[in-house]
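Biologist: I would like a close look at a single part of this model, the metal site, together with a few residues elsewhere in the chain. Please take me through it carefully, in connected prose.

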Amino acid sequence: MPDYSGHCHCGAIGYRYHCDEPPATWTIRACQCRFCRAHDALSASDPAATLDFEAREPEFLQRYRFGLKTADFLLCRRCGVYIGALIETPKGRFGIINTHALAEPPADLAAPLAMHYDQEAKAGRVTRREERWSPVTGVPT
Ligand SMILES: [Zn+2]
């Protein structure tokens with residue numbers, strides 16, 4: 001499976017995203033919450049893809065929760081870059097990547113769609129992530 005790697009600015013933390021779909025067909029989501037707008041974050045995930053979070057320097061991995069506090073947003077404690085998010089549910093671990101952290105951003109990446117999730121209740125949010133986010137195969141401890 002093609003492998004797309006991304007990392008924070010200083011390289012302490014990153015991800016490998018294994019996805020068969022060409023980047024031009026990825027669904028790129030521009031979440032309109034305050035956190036994602038402040039980071040200019042663009043999210044991608046595919047239930048058929050897999051996602052490995054990795055850390056060359058795990059001590060710089062910062063998990064941040066806000067709002068309904070269902071997911072951990074992963075930031076670098078040194079350079080401040082947001083690389084992706086992770087949720088753990090009884091069905092497993094699921095995640096998204098911030099495509100702006102891709103090491104080699106594909107030139108033909110699909111155009112982003114603006115997303116508004118603020119009306120979502122907790123149960124619906126968890127179910128949506130279980131269905132749309134990518135299974136996570138590794139997380140630094
Ligand atoms: Zn960093």
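Modeller: What follows begins with the metal site and then turns to three residues elsewhere in the chain. Please keep in mind throughout that this is a predicted model.

The zinc ion is held by four cysteine sulfurs, namely the SG atoms of C8, C10, C76 and C79, at distances of 2.3 to 2.4 Å. The angles among these 4 donor atoms run from 106 to 120°, and the site is classed as tetrahedral because every angle has to lie between 85 and 135 degrees for that label. Read along the sequence, the donor residues follow the pattern C-x1-C-x65-C-x2-C, in which one residue separates C8 from C10, 65 residues lie between C10 and C76, and two separate C76 from C79.

Two of these donors can be described further by their accessibility. C8 has a relative accessible area of 1% and is therefore buried, since buried here means under 20%. C10, by contrast, has a relative accessibility of 27%, so it counts as partly exposed. As for bonds between cysteines, a disulfide is a covalent bond between the sulfur atoms of two cysteines, and the count for this model, made with a cut-off of 2.5 Å between the sulfur atoms, comes to 0 disulfides.

Away from the zinc ion, R29 deserves a careful look. R29 belongs to strand β3, which covers residues 29–31, and this arginine is buried yet without a salt bridge, the nearest side chain of opposite charge being that of D46, 8.8 Å away. A salt bridge would need a separation within 4 Å, whereas the side chain of R29 does make a polar contact, at 2.9 Å, with the side chain of S45.

The loop between β6 (61–64) and β7 (72–76) holds T70, and A71 is found in this loop as well. T70 has a relative accessibility of 10% and so counts as buried, and its side chain is joined to that of R129 by a polar contact of 2.5 Å. A71 has a relative accessibility of 2%, and it therefore counts as buried too. The C-alpha atom of A71 is separated by 7.4 Å from that of E88, a residue 17 positions away along the chain.

Technical notes. Residues are numbered from 1 along each chain as its sequence is written. This is a predicted model: local features need pLDDT of at least 70, side-chain atom pairs count only at pLDDT 80 or more; totals for chains, interfaces and linings use all residues. Side-chain values use heavy atoms; hydrogens and water are left out. Donors are N, O and S atoms within 2.8 Å of the metal (3.2 Å for Na, K and Ca); water is not among the atoms, so sites may look incomplete. Four donors count as tetrahedral if all angles lie between 85 and 135 degrees; four count as square planar and six as octahedral if opposite donors are over 155 degrees apart and all others between 65 and 115; anything else is irregular. Buried means under 20% relative accessible area, exposed over 50%, partly exposed in between (1.4 Å probe, protein chains only). Helices (H or I, at least four residues) and strands (E, at least two) are DSSP runs, numbered from the N terminus. Lys and Arg count as positive and Asp and Glu as negative; His and the chain ends are not counted. A polar contact is a pair of N or O atoms within 3.5 Å; within protein, one must be able to donate a hydrogen and the other to accept it, and residues adjacent in sequence count only if both atoms are side-chain atoms.
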